[in-house]
Amino acid sequence: MKNETIAIVGSTGKTGVRVLTQLQERGYATRGLSRNSEHPFDWGDRTTWKSALRGVHSAYVTYYPDLAVPQAENDMRAFVELAKSVGLQHIVLLSGRGEEGAQRAEELVKNSGLEWNIVRASWFMQNFSESFMLEGIQAGELILPEPKANEPFIDVDDIADVTVAALTRTDLRNQLLELTGPEILSFDNCIQLIAEGSKRSITFTTAPIAAYISAAKAEGLPEDIAWLINELFVNVLDGRNESTTDTVERVLGRPARRFLDYVKTTVPTGVWSTAN
Ligand SMILES: NC(=O)c1ccc[n+]([C@@H]2O[C@H](COP(=O)([O-])OP(=O)(O)OC[C@H]3O[C@@H](n4cnc5c(N)ncnc54)[C@H](OP(=O)(O)O)[C@@H]3O)[C@@H](O)[C@H]2O)c1
């Protein structure tokens, strides 16, 4: 089984790079896919998909920018059809918790006739260190639209561990794996823990969604990402996800990492120390 190629779509992303590294360390044949990989794969150019997936046995699929965007459903429908036509056997799809668009994409994978797993995750802790919140934290002031709810943030390392299990363990096939961290935190709680851990003063300020988006657009935020921020803060972050699951522990036999664990491992990387 180790010589059957596993493709990682989005192999340079937050989850993809961790999944790729673990599989390589364990001796699995892998093919990292993104727009600049040896076999280029671009969600925006379907002519790239076939050669990228030819000869692949299973695939970990991360969609960009997010399965919540309207285009995602059509792209996933076409992706599943192409995957079947090239003989791919098993898809592990990274999905977002409580997102209607993501759940439409999940159904396409579940009903594809292929073996499947859905890794349906809550908000990533690493959004604070490897994504859109980093710049504000480095500057000492994070400004976000008013969050209407708290969130059971999950460590991306836990997502990668569960994903690798789903790709390599046949006992987990055809299951929805809904992943959260072990505790429900506010954005304010998270910033306080990061400030204490990194011994810095960092403030958290909220802005009305319309003002936040128009200011961000004035600074060059693309339309589709503006749509996504609105969808996440207005529709998804409304309390529907204020609960935890025990899936990490059930699959891995150890508890999910706490936000404080994430802070302790991230502080020494220096990413929060100053603006770059
Ligand atoms: N952030 C969260 O809190 C959260 C929570 C739940 C679910 N999710 C899901 O996570 C997924 C994103 O996964 P991630 O965070 O691991 O990735 P990521 O860090 O956002 O990285 C994106 C990856 O996709 C590639 N990429 C960008 N544009 C592309 C395109 N047009 N065609 C093909 N590849 C492209 C990038 O590489 P190149 O730029 O080199 O092409 C990179 O490898 C989204 O679908 C989202 O729904 C996120």
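1. What covers helix α7. In this predicted model, the buried residues of α7 are covered by, among others, α5 (134-139), β6 (141-145), β8 (203-207) and α11 (259-266). The residues concerned are Phe-187, Cys-190, Ile-191, Ile-194, Ala-195 and Ser-198. Around the axis they take up an arc of only 130°, which places them on the same side of α7.

2. The length of helix α7. Helix α7 runs over residues 187-198 and has 12 residues. At 1.5 Å a residue it should span 16 Å, and its end C-alpha atoms are 16 Å apart, so the expected span and the model agree.

3. The residue after α7. Lys-199 comes just after α7, in the loop between α7 and β8. Although Lys-199 is not a glycine, its phi is positive, at about 55°. Is this residue buried or exposed? Its relative accessibility is 76%, and because the cut-off for exposed is over 50%, Lys-199 counts as exposed.

4. A second positive phi. Asn-174 is likewise a residue other than glycine with a positive phi, near 60°. Its place is the loop between α6 (156-168) and β7 (175-179). With a relative accessible area of 40%, Asn-174 is partly exposed.

5. Helix α6. The 13 residues of α6 should span 18 Å at 1.5 Å a residue, and the distance between its end C-alpha atoms, 18 Å, agrees with this. How many of its residues are buried? The number is 12 of 13, and the helix is thus mostly covered. The buried residues include Val-156, Asp-158, Ile-159, Ala-160, Asp-161 and Val-164. At the start of α6, a side-chain oxygen of Asp-155 comes within 2.8 Å of the backbone nitrogen of Asp-157.

6. Gln-22 and its partners. Gln-22 belongs to helix α1 (residues 16-25). Its relative accessible area is 18%, so it is buried, the cut-off being under 20%. Leaving aside neighbours within four places in sequence, the residues in contact with Gln-22 are Ala-160, Asp-161 and Val-164. These three are among the buried residues of α6. With Asp-161 there is also a polar contact: the two side chains are joined at 2.6 Å.

7. The nonpolar cores. In soluble globular proteins, nonpolar side chains tend to be buried together. In this model the largest nonpolar core has 63 residues. Which residues have the most contacts inside it? They are Met-76, Phe-79, Ile-91, Phe-128 and Phe-259. Ile-91, leaving aside neighbours within four places in sequence, is in contact with residues including Ala-59, Val-61, Phe-79, Val-80, Leu-114 and Trp-116. Another core lies apart from the largest one; it has 27 residues, among them Leu-23, Val-156, Ala-166 and Leu-172. Val-156 and Ala-166 are also listed among the buried residues of α6.

8. A cis peptide bond. The bond from Tyr-64 to Pro-65 is cis, and its omega is near 5°. Pro-65 is located in the loop between β3 (58-61) and α3 (71-85).

9. The surroundings of the ligand. There are 27 residues around the ligand, and those that come nearest are Thr-12, Thr-15, Arg-35, Tyr-63 and Asn-127. Where are polar atoms paired with the ligand? In the side chain of Thr-15, an N or O atom is 2.7 Å from an oxygen atom of the ligand. For Asn-127 the corresponding distance, again from a side-chain N or O atom to a ligand oxygen, is 2.8 Å. Ser-34 has a polar side-chain atom 3.5 Å from an oxygen atom of the ligand.

10. Gly-140. This glycine lies in the loop between α5 and β6, two elements that are among those covering the buried residues of α7. Gly-140 is buried, with a relative accessible area of 13%. Apart from neighbours within four places in sequence, Gly-140 is in contact with Arg-200, Ser-201, Ile-202 and Thr-203. By contrast, Glu-249 is 109 residues from Gly-140 along the chain, and their C-alpha atoms are separated by 35 Å.

Terms used: Residues are numbered from 1 along each chain as its sequence is written. This is a predicted model: local features need pLDDT of at least 70, side-chain atom pairs count only at pLDDT 80 or more; totals for chains, interfaces and linings use all residues. Side-chain values use heavy atoms; hydrogens and water are left out. Helices (H or I, at least four residues) and strands (E, at least two) are DSSP runs, numbered from the N terminus. The expected span of a helix is 1.5 Å times one less than its number of residues. Buried means under 20% relative accessible area, exposed over 50%, partly exposed in between (1.4 Å probe, protein chains only). The arc is that of the directions from the helix axis to the C-beta atoms. Contact means heavy atoms within 4.5 Å. A polar contact is a pair of N or O atoms within 3.5 Å; within protein, one must be able to donate a hydrogen and the other to accept it, and residues adjacent in sequence count only if both atoms are side-chain atoms. A nonpolar core is a set of buried Ala, Val, Leu, Ile, Met, Phe, Trp, Tyr and Cys residues joined through side-chain atoms within 4.5 Å. A residue is near a molecule or strand if one of its heavy atoms lies within 4 Å of it.
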